[in-house]
Number of protein chains: 2
Amino acid sequence: MSERIRLFINDVSPRDGLQNEASFVPTADKIALIDALSCIGLCRIEATSFVSPKAIPALADAAQVMQGITRVPGVIYTALIPNLRGAERALECRVDEFNLVMSVSETHNLTNLRMTRAQSASALDEVMALARAAGVPVNVSLSCSFGCPMEGDVDPGEVMRLADHFVGRGATGITLCDTTGMAYPTQVADLCRRHLGVFLNTDLTLHVHDTRGMALANVMAAAQAGVRRFDASLGGLGGCPYAPGASGNACTEDMVHMLELIGYDTGVHLDALIACADRLPSLIGHPVPSQMVRAGRRDRRHPVPASFEEIRARALARDAA
Amino acid sequence: MSERIRLFINDVSPRDGLQNEASFVPTADKIALIDALSCIGLCRIEATSFVSPKAIPALADAAQVMQGITRVPGVIYTALIPNLRGAERALECRVDEFNLVMSVSETHNLTNLRMTRAQSASALDEVMALARAAGVPVNVSLSCSFGCPMEGDVDPGEVMRLADHFVGRGATGITLCDTTGMAYPTQVADLCRRHLGVFLNTDLTLHVHDTRGMALANVMAAAQAGVRRFDASLGGLGGCPYAPGASGNACTEDMVHMLELIGYDTGVHLDALIACADRLPSLIGHPVPSQMVRAGRRDRRHPVPASFEEIRARALARDAA
């Protein structure tokens, strides 16, 4: 391989990770986490969500977080925006990008967002109009793009139609979300290739979960299919709390570790990233699913046992005997 | 894709899994496990190890296990054979195949087997001579084929030299083992392709661990590179107890789930396999890392919430209002 292909990693842990924590992470700790993530080569950080504090108390400090962080040039600080009220709050906090969400599955959308897809789409259209007026770019995340835990398979055509709807209204990015870990590599490659072939000027991001162990296989398949942007969560924190069986966003440090090994340039400083992840358990009070935190990089050297020279001497003595 | 490519799955849980359990699994339970695995399309089962009962008390019942199982035609019952004494015991029990092991890394071989590689190779040569005389096929598993946790990278040329040594002495199969989860997909594809190109009449098996989250990505890369045989362990049980940082054999049911989804024919009945894995926690007294046990297949349907019709009615009422 000559020139390495550049990929762009979006860490969603401050939002998608922390919103699922049982205990409230203090605002200062959230800010420290985002500031740490800002300096290590991530292209985008989903910093918080401007949801109703009653709906998600864990992120009730969205405004304080956005105002408290030290913005690093080049890093896009995005936030999840559920509705017009959230969008107004987000604009006051000068978020760099709105991330809007709805589901490809009618059942999942109703269960998760309490709206029909048609209602969600028109509510998001209003948010997009506001964003357009304010000059803020919009990314739309399509949940259940690879299957719904209640409905089963979803029609890839429906994914394309929703993407087309939002791209037509000015979305600059679309994220295809494997919300409950139903995606598999050939499916990911097929849908991403189809998407890339149609939406030539739209940033495509892939968001996968490791629910069925295929997160990194899916990421590899997507990268080979031409996807250049990936969501991931530090430590593997988070997932969708409403989706049955959901667990585990793909882990940022495990993903970067693999992508760099197979020849991509993620731009991320892996050791610094792992250092961030190492601090998570004390921040949130429990272990994280990260393999890097447990095992370290593949080039981590373990010491030989203290008795090694003795073992060798005894082995060689057998030959002499 | 027209005709699906046939893969062959070797479950190593009765040996590589159970030998790492803290408590002794009763012989009858081991036999029941192997008998259950025999009827679901696995091509090969590593049933036990004929090691010294003092070295590994967990497998002290190797002979009783081999004599107690009900052999299913077409399934190869293999056993790990550490030395001549073990080989003699294994022959008495009519194992179908010997699986011999040594490490590509001198440091790992000394630490793990208390012998230099040269000593291991000549000890295994004696076992192979015995096997040849008895007409029993031999597979040689090369530990640390993708890296050593103490030495770091290993020379792929050394892997090839050791494979050549054993193929030259009649080994019918070689297993390239990622003993501590250091392998990554491009490395796996490169080494496997090189091996397949040289050893045309030797069965190549890949044995990977999920220590760094890349097990299934590595398996996919290997399958695409032409590998047709894979080791895996029910429930993801086991790993190498002597290797620092080692954890988690690739999980059989997670692997079969992915391989079938991406278009390969594993020959394995996935639901029956998951049913076997579901019984493991009660057998061994702790949870297993299997994603299938936790989340189920991707086509598992979750019920809609009891309040779903109410949610929908309330949503639709908003439109009417």
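**How the two chains relate**

What rotation, and how much shift along its axis, superposes chain B on chain A? A rotation of 180 degrees with 0.0 Å of shift does it, at an RMSD of 0.0 Å (a least-squares fit on the C-alpha atoms of residues with pLDDT of at least 70 in both copies). The two copies are therefore related as by a two-fold rotation axis. In chain B, B:Ala217 has the C-alpha nearest that axis, at 2.1 Å. Both copies use the same surface, with 98% of chain B's contact residues recurring in chain A; contact here means C-beta atoms, placed from the backbone, within 7 Å.

**About the model**

This is a predicted model, where local features need pLDDT of at least 70 and side-chain atom pairs need 80 or more, while totals for chains, interfaces and linings use all residues. Residues are numbered from 1 along each chain as its sequence is written, and chains are lettered from A in the order written.

**H9 against H10 in chain A**

Helix H9 (residues 215-224) packs on helix H10 (residues 252-261) in chain A at about 45 degrees, with the axes 10 Å apart. Helices are DSSP runs of H or I, at least four residues, numbered from the N terminus, and axes are lines fitted to C-alpha atoms over the stretch in contact.

From H9(A), A:Leu216, A:Val219 and A:Ala223 meet A:Asp254, A:Met255, A:Met258 and A:Leu259 of H10(A).

**A:Arg117**

A:Arg117 sits in helix H6 (residues 117-134) of chain A. Leaving aside residues up to four places away in sequence, A:Arg117 touches A:Met102, A:Ser103, A:Glu106 and A:Asn109. Its C-alpha is 9.7 Å from that of A:Leu162, 45 residues apart along the chain.

Technical notes: Contact = placed C-beta atoms within 7 Å. Axes fitted to C-alpha atoms, helices over the stretch in contact; angles between N-to-C directions. Helix = DSSP H or I, 4+ residues; strand = E, 2+ residues; numbered from the N terminus.
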